[in-house]
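Trainee: I've got a model open and I'd like to learn how to read it. Can we go through a few features together?

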Amino acid sequence: MIKTLIADDEPLIAAGIRTVLESAGDIEVVAVARDGREAVQAARRHHVDVALLDISMPVMDGLAAAAELTGPRVVLLTAFGNEDNVRRAVRQGVSGFVLKACTPEELIRAVRAAHAGQAYLSPAVARQVLDMAAPGGDERGRDAVRRLATLTARETDILALVAQGLSNAQVARRVHMTEASVKTYVSRILAKLNCTNRVQAALLLRNAPFSN
C-alpha cells in the first residue's frame, strides 16, 4: 500500500480527495492535515510514502512544507498553474504538480508515479514547464552541455526518451531492455546530472544548444 498524506485547508476538498485515492485499492490515506506545518509533522510521524499538498494553505503553504520534507515524495495540488509556483516546484524537485480540475484517474496516476520515483505533471502545467525551458542564455547552455557530457551514449538515449515523458516501462520497450534495467539507468543519470527528478533532467536536456 502507498501510505499517503493529504494536506488541504478545505475539509470538503480533503474528504473528496481521500475518497478518490482510497478507491484505487493500493493507496492508503494515513493522515489529513489542514496546513503546511501540520502536514510536515504528520508526514514525519506516519512515515508516509507520498505527501499530497495543496499549495495555498495557512501557517505554511505547500511549497514551504515541501521544502522541509526529505522523506516522502511530494505532489503539489493547486487550483491554477501559477508560473512562479511551477518554477519553485521544479527547482525544489517535487515529484508532481496537479491541478484541482484534474480527473480522479489523473490524481491516482500522479500518486502512483510519485511513489515509483517518476514525475507527473498535469498537461497544462507540463506546457508551462516546456515554455520555461526555452534557452535563457549562453551560460545556462554551457552548463547543460558540461553536465550532459558526463553521460554515456546509452544514458543519453534513455534521457532523450525520458524527456519525451515516457515511463520506465515505455522506455524499456523502446530500447529493448527490462524495466528494472531502465530504472537503474535513470537513477544513474539523475545522479550524474545532479538532478532530483526526471523533470529537472528533461529541462537540462532542453537547455542544451543541441537539444533540438
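Mentor: Sure, let's start with burial. Buried means under 20% relative accessible area, exposed over 50%, and partly exposed in between (1.4 Å probe, protein chains only). The buried residues of α5 are E106, L107, I108, A110, V111, A113 and A114. Helices (H or I, at least four residues) and strands (E, at least two) are DSSP runs, numbered from the N terminus.

Trainee: What should I trust here?

Mentor: This is a predicted model, so local features need pLDDT of at least 70 and side-chain atom pairs count only at pLDDT 80 or more, while totals for chains, interfaces and linings use all residues. Residues are numbered from 1 along each chain as its sequence is written, and side-chain values use heavy atoms, with hydrogens and water left out.

Trainee: How far apart are the end C-alpha atoms of helix α5?

Mentor: The expected span is 1.5 Å times one less than the number of residues. For the 12 residues of α5 (104–115) that gives 16 Å, and the end C-alpha atoms are 17 Å apart, which agrees. After α5 comes G117, with a positive phi near 85°.

Trainee: Is D54 buried or exposed?

Mentor: D54 is buried, at 5% relative accessible area, and belongs to strand β3 (residues 50–54).

Trainee: Which side chain makes a polar contact with the side chain of D54?

Mentor: A polar contact is a pair of N or O atoms within 3.5 Å; within protein, one must be able to donate a hydrogen and the other to accept it, and residues adjacent in sequence count only if both atoms are side-chain atoms. For D54 the partner is K100, at 3.5 Å.
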